[in-house]
Amino acid sequence: LVAITEKDLAYFQNLGFRGEGISVPVGIDLKKYESTPTLTQNNLTFSFIGSLDWMPNQQGVQWFLEEVWPTVAKKYPTAKFHIAGRHAPGWLLQQTHQNVVIEGEVDSAIDFIRQHSIMVVPLFSGSGIRVKILEGMALNRVIVTTNLGMEGIDAKHRKEILIADTKAAFLEEIEYCFLHQKELDEVGENARGFIKGNFDNLILGERLRRFYES
């Protein structure tokens, strides 16, 4: 049995699976994700990208806009939040929050991620590995997400990623971003190193080959 996460593997084992099993997550072709500066100098910009017709994304973005962003925009009036993704719902297109830009569907997710300092992934439902988080980390970007968003990604808080589950925690991590911009460069570099060591397609392929041979 080849599962995508350790959680999935444990689930099937708890159901009674007694054969050989291994966890092999979604991989990244690092050649497509050229390392770029983390863009933490001067004004920080925040981004979200994902399918906007998927309910967990809608719920997370709406929660962030209503609960977190007004405080951020008030304290840091130059900060901007860019939202990209296909099939944006009407309520999102009509939103009037300060310094929020609805990009809609973009030609290149990689280019969009590169343009902004911090990727926000406020997920509170759904399951599985979030590939956009892997892509952002591969591009040296600083990710702020929930423990649920971290499913299958065993990165360390404030070393390779920033983790928050509540309004207060999100505000604390965003404040951390503004007050510790030099540290963010290191977080971004560590994030790419984490992807290289744990999600590179070549490494995962070799792990799977050894599993079959054994």
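**Two asparagines, a two-faced helix and two cores**

At 22% relative accessibility, Asn 99 counts as partly exposed, because the buried class ends at 20%. In this predicted model, Asn 99 sits in the loop between α3 (90–93) and β5 (100–104). Its phi is near 60 degrees, a positive value in a residue other than glycine. Most residues other than glycine have a negative phi. Asn 140 offers a second case, with a positive phi of about 70 degrees although it is not a glycine. This asparagine lies in the loop between α5 and β7, and at 5% relative accessibility Asn 140 counts as buried.

Helix α7 is a good place to look at next. It runs over residues 181–198, and its 18 residues reach 26 Å from the first C-alpha to the last, close to the 26 Å expected at 1.5 Å a residue. Which residues of α7 are buried? They are Gln 181, Leu 184, Val 187, Gly 188, Ala 191, Arg 192, Phe 194 and Ile 195. These residues cover an arc of only 155 degrees around the axis, so they lie on the same side of α7. An α-helix has 3.6 residues a turn, so residues three or four places apart point the same way. The other side of α7 carries the exposed residues Lys 182, Glu 186, Glu 189 and Lys 196. The cover over the buried residues of α7 includes β6 (118–121), α5 (131–138), β7 (142–145) and α6 (167–179).

Of these covering elements, α6 can be described in further detail. The axes of α6 and α7 come within 5 Å and cross at roughly 105 degrees, and the two helices are therefore roughly perpendicular to each other. Where they meet, Tyr 176, Cys 177, Phe 178 and Leu 179 in α6 are in contact with Gln 181, Glu 183 and Leu 184 in α7.

The interior can be followed through its nonpolar cores. The largest has 31 residues, and those with the most contacts inside it are Phe 46, Phe 64, Trp 69, Phe 81 and Ile 83. At least two residues of this core come from each of β3 (45–49), α2 (55–75), β4 (80–84), β6, β7, α6 and α7. The largest share, seven residues, is supplied by α2. Leaving aside neighbours within four places in sequence, Phe 64 is in contact with Trp 69, Pro 70, Phe 81, Val 120, Pro 122, Phe 170 and Ile 174. A second, separate core of 26 residues includes Ile 28, Ile 143, Ile 195 and Phe 199.

Definitions and conventions:
Residues numbered from 1 in each chain as written. Predicted model: local features only at pLDDT ≥ 70, side-chain atom pairs only at ≥ 80, totals over all residues. Heavy atoms only, no water. Helix = DSSP H or I, 4+ residues; strand = E, 2+ residues; numbered from the N terminus. Expected span 1.5 Å × (residues − 1). Buried < 20%, exposed > 50% of the residue type's maximum accessible area, 1.4 Å probe, protein only. Arc of directions from axis to C-beta. Contact = heavy atoms within 4.5 Å. Core = buried A, V, L, I, M, F, W, Y, C linked by side-chain atoms within 4.5 Å. Axes fitted to C-alpha atoms, helices over the stretch in contact; angles between N-to-C directions. Parallel < 35°, antiparallel > 145°, perpendicular 65-115°, else oblique.
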